[in-house]
Amino acid sequence: MKKEPTNARTSFGDIAPHLAELTDKVLFGDVWEHPALSPRDRSLVTITCLISTYRVNELPFHLKKALENGITRDEIVGTITHLAFYAGWPPAMTALQIARKVFD
């Protein structure tokens, strides 16, 4: 593993070092780096899934990552608006409030 602390190691590496290592190596190493999808596309798929399944704890991190990967604020809001009709109004309204905080 890298010597500098990653988000995983900082967040939960003290209590679950193996899970932090898997997060670094498998999830953000192998899965996120696989060439089948661009990082931008992966971010769009990920935030769509997180919004749809009401995963509010993970959403702020991935909204920031989506912005870093080239998804615009308008595209994020457009995604949330679209999901209001497929995932439901409450998840969309919650996601909008989280997005507002991330954008600030």
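Which hand, left or right, does the crossing of helix 5 and helix 6 have? The legends below take up that question along with a few others, and the model they describe is predicted.

**Figure 1. The whole chain is built from helices, with zero strands.** Welcome to the overview. The secondary structure comes to six helices, and reading along the sequence gives the pattern α-α-α-α-α-α. Taken along the principal axes, the C-alpha atoms fill a box of roughly 40 × 30 × 25 Å. Of the 104 residues in the chain, 29% are buried. If you like to think in terms of contact maps, consider the contacts between residues at least 6 apart in sequence: 50% of them join residues at least 24 apart.

**Figure 2. Helix 5 and helix 6 cross with a left-handed geometry.** Here is the answer to the opening question: the crossing of these two helices is left-handed. Helix 5 spans residues 73-86 and helix 6 spans residues 89-103. Their axes come within 7 Å and cross at roughly 165°. Angles over 145 degrees count as roughly antiparallel, and helix 5 and helix 6 are therefore roughly antiparallel to each other.

**Figure 3. A closer look at the residues where helix 5 meets helix 6.** On the helix 5 side, the contact is made by Arg 73, Ile 76, Val 77, Ile 80, Ala 84 and Phe 85. Helix 6 contributes Trp 89, Ala 92, Ala 95, Leu 96, Ala 99 and Phe 103. By class, this contact has 11 nonpolar residues, no polar ones and one charged residue. Arg counts as charged, so the charged member of the contact is Arg 73 of helix 5.

**Figure 4. Thr 79 is a buried residue of helix 5.** Thr 79 has 13% relative accessibility, and because buried means under 20%, Thr 79 counts as buried. Where does the side chain of Thr 79 reach? It reaches the backbone oxygen of Glu 75, at 2.8 Å. Once neighbours within four places in sequence are left aside, Thr 79 is in contact with Leu 44 and Thr 48.

**Figure 5. Thr 81 is a partly exposed residue of helix 5.** Is Thr 81 buried or exposed? Neither label fits: at 43% relative accessibility, Thr 81 counts as partly exposed. For a sense of distance, take Thr 81 together with Pro 39. These two residues are 42 residues apart in sequence, and their C-alpha atoms are 22 Å apart in space.

Conventions. Residues are numbered from 1 along each chain as its sequence is written. This is a predicted model: local features need pLDDT of at least 70, side-chain atom pairs count only at pLDDT 80 or more; totals for chains, interfaces and linings use all residues. Side-chain values use heavy atoms; hydrogens and water are left out. Axes are lines fitted to C-alpha atoms, for helices over the stretch in contact, and angles run from 0 to 180 degrees between N-to-C directions. Helices (H or I, at least four residues) and strands (E, at least two) are DSSP runs, numbered from the N terminus. Angles under 35 degrees count as roughly parallel, over 145 as roughly antiparallel, 65 to 115 as roughly perpendicular and the rest as oblique. A crossing is left-handed if the near helix is turned anticlockwise from the far one by less than a right angle, and right-handed if clockwise. Contact means heavy atoms within 4.5 Å. Buried means under 20% relative accessible area, exposed over 50%, partly exposed in between (1.4 Å probe, protein chains only). A polar contact is a pair of N or O atoms within 3.5 Å; within protein, one must be able to donate a hydrogen and the other to accept it, and residues adjacent in sequence count only if both atoms are side-chain atoms.
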